[in-house]
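Visitor: I have a few questions about how the descriptions of this model are justified. Could we go through them together?
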Amino acid sequence: MTIDSFEVVFYTCIFLLPGFIIKGVMDTLVPPIKHNDTKYFFSCLLYSIVNCAVWSWVYLLLYEISEEHPIIYWILLLTITVVGATLLAVFIGIIKQKGFIELLFSKMRINKIHPVPTAWDYYFSKQEESWIIVTLKNGKTIYGKFSYQSFAASDPEERDLYIEKTYNIKEDMTWQEDEKSKGILVSKNEIETIEFLT
């Protein structure tokens with residue numbers, strides 16, 4: 001097969017694209033560590049190399065039809081690249097999210113820096129439903145329910161919090177839902193402490 005300029009560009013994209021797909025999907029599954037553009041690019045390049053190694057057997061099988069069915073070859077090549085990178089990203093993301101690597105290292109008695117950059121990211125990335133007590137810097141307390149409609153910002157510069165349901169504390173210390181409330185937004189600058197209850 002003769003490689004022309006179009007094929008060079010296409011093969012380059014096929015090689016580089018998976019790294020950006022994997023990094024993008026993983027950043028939604030595991031809170032990313034803050035990094036510069038150079039480190040980001042090299043992370044994507046590394047993921048592209050891993051993706052190419054994992055799916056190389058599929059690419060070799062596919063190459064056999066490139067001469068007879070070039071259009072089908074290009075379509076399948078692009079499809080396998082995108083789908084394969086997405087599947088690999090989900091697999092790696094779940095391993096990182098569930099802490100399998102940390103568990104393996106702990107069994108081997110090897111200390112490792114945790115991949116999640118902050119305690120905020122660690123807790124809120126689990127997306128667990130819980131009762132929440134937020135103490136503000138002015139001394140006020142917010143009682144609420146942090147659930148699937150709630151939101152905790154993952155941007156390090158904007159650690160604001162949206163709590164979907166708020167509660168009032170009665171004299172007997174039971175929680176009574178505020179029926180009129182549609183939730184509350186708490187600015188990061190106002191938060192002193194956050195307590196989570198089962």
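Visitor: What makes 18 side chains of the protein count as positive and 24 as negative?
Guide: Happy to start there, and do keep in mind that this is a predicted model. Lys and Arg count as positive and Asp and Glu as negative, with His and the chain ends left out. On that basis the protein has 18 positive and 24 negative side chains, and the centres of the two sets lie 8 Å apart.

Visitor: How do you know how the radius of gyration of the protein stands against that of a compact globule?
Guide: The globule rule is 2.2 Å times the number of residues to the power 0.38. For a compact globule of 198 residues that is near 16 Å, but the protein has 24 Å. The C-alpha trace spans about 80 × 45 × 30 Å along its principal axes.

Visitor: What makes a residue count as buried, and what percentage of the protein does?
Guide: The cut-off is under 20% relative accessible area; 30% of the 198 residues count as buried. The protein exposes about 13400 Å², with 62% of it supplied by carbon and sulfur atoms.

Visitor: How do you know that strand 4 and strand 7 pair?
Guide: Pairing requires at least two bridges. Strand 4 (residues 161-163) and strand 7 have three, in the antiparallel sense, so they count as paired. Ile163 has Ile184 in strand 7 as its bridge partner.

Visitor: Why are strand 3 and strand 7 called edge strands?
Guide: The open sheet has the order 3-4-7, with antiparallel pairing. Strand 3 (151-152) and strand 7 (184-186) each pair on one side only.

Definitions and conventions. Residues are numbered from 1 along each chain as its sequence is written. This is a predicted model: local features need pLDDT of at least 70, side-chain atom pairs count only at pLDDT 80 or more; totals for chains, interfaces and linings use all residues. Side-chain values use heavy atoms; hydrogens and water are left out. Helices (H or I, at least four residues) and strands (E, at least two) are DSSP runs, numbered from the N terminus. Buried means under 20% relative accessible area, exposed over 50%, partly exposed in between (1.4 Å probe, protein chains only). Accessible areas come from the Shrake-Rupley method with a 1.4 Å probe; for residues, only the protein chains shown count as cover. The place of a charge is taken as NZ of Lys, CZ of Arg, CG of Asp or CD of Glu.
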